Amino acid sequence: MTPVDLPPGWVERVSAYPADGGPSGAEWVRTVPRLVDEALERWDLAPDGPPRTGWTALVLPVRRGDEPLALKVVWPHPEAVHEALALRTWDGAGAVRLVAARPSGGQLLLERLDADADLTGGWDEEACAVIGGLLRRLHVPAPPRLPRLAEYLAPHLERMASRPAVPRRVVDRTRGLARDLLEGAVPEALLHTDLHYENVLRRADGAWTAIDPKPVAGHPGFDLWPALRNRLPEMGTGAALRWSVRRRLTVLAEAAGLDEDEARAWTLLRAGVEVSWASVVEGEDGLTACVALHKALDG
């Protein structure tokens, strides 16, 4: 078996994940060396450097002959189920190119991107313009197999009222927007749902490229939220935060080709859902940040 050094901190974090439609994080992480070895043999690959890690995946630089590629092995959970389908649909247009996949094993063979070149160090308006431009390309008609946004959001909308840390005004506002926006919403575009500054890398030709989608089918306006949470402290507080958030949204909507008022309504719906989610998984700081963003969008 090809030795793969799994970063201890990543192993510890992933091992704490409870099962979510598949193996627990602890069960899965023990299988990662085998999954990597199987993929190396199946696709005739050779390791080409140390692995990198994300919240739920290991990415190993590899080569097939002279071709530099990246092998991604993903923990099985609902958000990862349709990643290969989305990448296959985009076929490299704005997103990382999928070379091969074995979805049942969470194994994806991808083009190699520059993992050290993302949007975290640039001017925020320029970063938002890049993200909006990518979203304009990615918002193609959704494949029929993707879950629809109303279906995806239903359990979140049901649970938020029972979470005491979620302000009542956020619950009421979010549920009202859901009633207004989700019924018969069109178009049903292929949404990335997680396109933030760190999920945009450069290709060898210098082009910015989206990675790591968590795809659903829905209205394009739902896709703008992740870029608003990046580098939050630099946007200030109070009136400064409100201006900065609105400015980022304006840049994103214009670059993505969306009506700004419509985009704000969908982003506010997403913001309410994120407040509810943060109240469970992000701790007090994350919840405070999401509530502040919600207020800035709705004020």
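In strand 3, the residue that bridges to T53 is L58. That's a handy way into this predicted model, since strand 3 turns up in several of the pairings below.

**The strands**

T53 and L58 belong to a pairing of strand 2 (residues 52-53) with strand 3, which runs antiparallel over two bridges. These two strands make a hairpin, with three residues between them. Strand 1 (residues 46-47) also pairs with strand 3 in the antiparallel sense, again over two bridges, and here A46 has R63 as its partner in strand 3.

Then comes strand 4. Strand 3 (residues 57-64) pairs with strand 4 in the antiparallel sense, over eight bridges. The two form a hairpin with two residues between them, and G65 in that turn has a positive phi of about 65°. R64 finds its bridge partner, E67, in strand 4, and L60 is matched with L71 of strand 4.

L71 also stands opposite L109 in strand 6, as part of an antiparallel pairing of strand 4 and strand 6 over five bridges. How buried is strand 4 (residues 67-74)? Six of its eight residues are buried, so strand 4 is largely enclosed by the rest of the structure.

Here are the antiparallel pairings side by side:

| Strands | Bridges |
|---|---|
| Strand 1 and strand 3 | two bridges |
| Strand 2 and strand 3 | two bridges |
| Strand 3 and strand 4 | eight bridges |
| Strand 4 and strand 6 | five bridges |

**A pocket**

Strand 6 has a part to play here too. The second largest pocket has a volume of about 190 Å³. It is lined by 14 residues, and those closest to its centre are P76, A80, V81, P103 and G106. Helix 4 (83-90) and strand 6 (107-111) each give at least two residues to the lining. If you're thinking about chemistry, the lining has eight nonpolar, five polar and one charged residues.

**Helix 5**

Helix 4 shows up again around helix 5. What should the 15 residues of helix 5 (residues 124-138) span? At 1.5 Å a residue you'd expect 21 Å, and the end C-alpha atoms are 21 Å apart, so the two agree.

Helix 5 has a string of buried residues: D124, E125, A127, C128, V130, I131, G132, L134, L135 and L138. What covers them includes helix 4, helix 8 (225-229) and helix 9 (238-256), along with strand 7 (189-191), strand 8 (200-202) and strand 9 (208-210).

Technical notes:
Residues numbered from 1 in each chain as written. Predicted model: local features only at pLDDT ≥ 70, side-chain atom pairs only at ≥ 80, totals over all residues. Heavy atoms only, no water. 1 Å grid on protein atoms, 1.4 Å probe; cavity = no way out; pocket = protein on both sides within 12 Å on 5 of 7 lines; lining within 4 Å. Points joined across faces, edges and corners; volume = space filled by probe spheres on them. Helix = DSSP H or I, 4+ residues; strand = E, 2+ residues; numbered from the N terminus. Nonpolar A, V, L, I, M, F, W, Y, C, P; charged D, E, K, R; others polar. Buried < 20%, exposed > 50% of the residue type's maximum accessible area, 1.4 Å probe, protein only. Pairing = 2+ DSSP bridges. Expected span 1.5 Å × (residues − 1). Contact = heavy atoms within 4.5 Å.
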